[in-house]
Amino acid sequence: MEKMPKTSPDPTDFAHVRAWVFDLDNTLYPHHINLFAQIDRNMTAYVQQLLQLEPAEARALQKQYYHEHGTTLQGLMLHHGIDPDGFLEQAHAIDYSALLPDPALGDAIKALPGRKFIFTNGSVPHAQAAARALGILDHFDDVFDIVAAGYLPKPASATYDKFASLHKIDTAHAAMFEDLPRNLQVPKALGMRTVLLVPRNLEAVVLERWERPTTEDDHIDYVTDDLAAFLTGIMAA
Ligand SMILES: [Mg+2]
């Protein structure tokens, strides 16, 4: 039998955790909100404009860069030498109105003991806008974004090291929450508790191959489709 990740939290598994690290997109808000679809469209439009491609070609190239380099941005910087700031601004020019205040999530994050961080391959302005719309921004100590990462995205191990060293995080006393299985490999190797966020109704949702958990993902401790309920479960004594 493969070891399968657990779904309901055992509070004793998290009793030692003093740093709580959250990815942003499809983690702090659920996949079905589909906010990332807007960013995705903006990135495709950027690639299309930059390289004068047909929409389908631009889309294919964008996805190739995302897959090979962790972000579309990293691929565009490596292969086309683009200005990252202009790209990030255009990619994140989106409508946040689909994000509504989530007081249950805010209360759950607030109750966690220790420091809380957002660690995103997006930008600080995007993370702040999203977290503000969710009504949870004030509960975080800081946002570590792709600029702070020197544009080297998760899952590069150097980026996790940079994040942990900047904030003096003892990774043996930390937990990471993410929606991409591959972004939890390094955290697990660093001794962090790892929690994968999956879409509700997972089997019916269309995901890229590398976005879907498999039985080989033994670096994932827990899987959940409800972050607020999961965090509340951690604190239930
Ligand atoms: Mg994400």
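**Sheet.** I began with the strand order: six strands form an open sheet, β3-β2-β1-β4-β5-β6, with parallel pairing. At the edges I found β3 and β6 (222–224), each of which pairs on one side only. I noted an average turn of 20 degrees between neighbouring strands of this sheet, direction ignored. I keep in mind that this is a predicted model.

**β1, β2 and β3.** I looked up how β1 meets β2 (residues 115–119): the two strands run parallel and four bridges join them. I followed single residues across this pair. Val21 has Phe117 in β2 as its bridge partner, and Trp20 stands opposite Lys116 in β2. From Phe117 I went on to β3, where its bridge partner is Asp142. The pairing of β2 with β3 (residues 142–144) is again in the parallel sense and has three bridges. I then checked the connection and recorded a right-handed β-α-β unit made of β2, helix α6 (residues 124–134) and β3.

**Helix α2.** I turned to α2, residues 55–69, and compared its reach with expectation. The 15 residues span 21 Å from the first C-alpha to the last, close to the 21 Å expected at 1.5 Å a residue. Which residues of α2 are buried? I listed Ala58, Leu61, Gln62, Tyr65 and Tyr66. They lie on the same side of α2, because they cover an arc of only 140 degrees around the axis. The general rule I had in mind is that an α-helix has 3.6 residues a turn, so residues three or four places apart point the same way. On the other side of α2 I noted Ala56 and Glu68 as exposed. What do the buried residues of α2 pack against? I found α1 (35–51) and α3 (72–80). Just after α2 I came to Gly70, which takes a positive phi of about 90 degrees.

**Pro30.** My last stop was the loop between β1 (19–22) and α1, where Pro30 lies. Is Pro30 buried or partly exposed? I entered Pro30 as partly exposed, because 19 other C-beta atoms lie within 10 Å, and a buried residue needs 20 or more. I also looked for partners distant in sequence. Leu197 is 167 residues away from Pro30 along the chain, yet their C-alpha atoms are 8.3 Å apart in space. Leaving out residues up to four places away in sequence, I found that Pro30 touches Pro199 and Arg200.

Technical notes
Residues numbered from 1 in each chain as written. Predicted model: local features only at pLDDT ≥ 70, side-chain atom pairs only at ≥ 80, totals over all residues. Expected span 1.5 Å × (residues − 1). Buried ≥ 20, exposed ≤ 12 C-beta atoms within 10 Å, placed from the backbone. Arc of directions from axis to C-beta. Contact = placed C-beta atoms within 7 Å. Pairing = 2+ DSSP bridges. Right-handed = clockwise from strand over helix to strand, strands pointing away. Axes fitted to C-alpha atoms, helices over the stretch in contact; angles between N-to-C directions.
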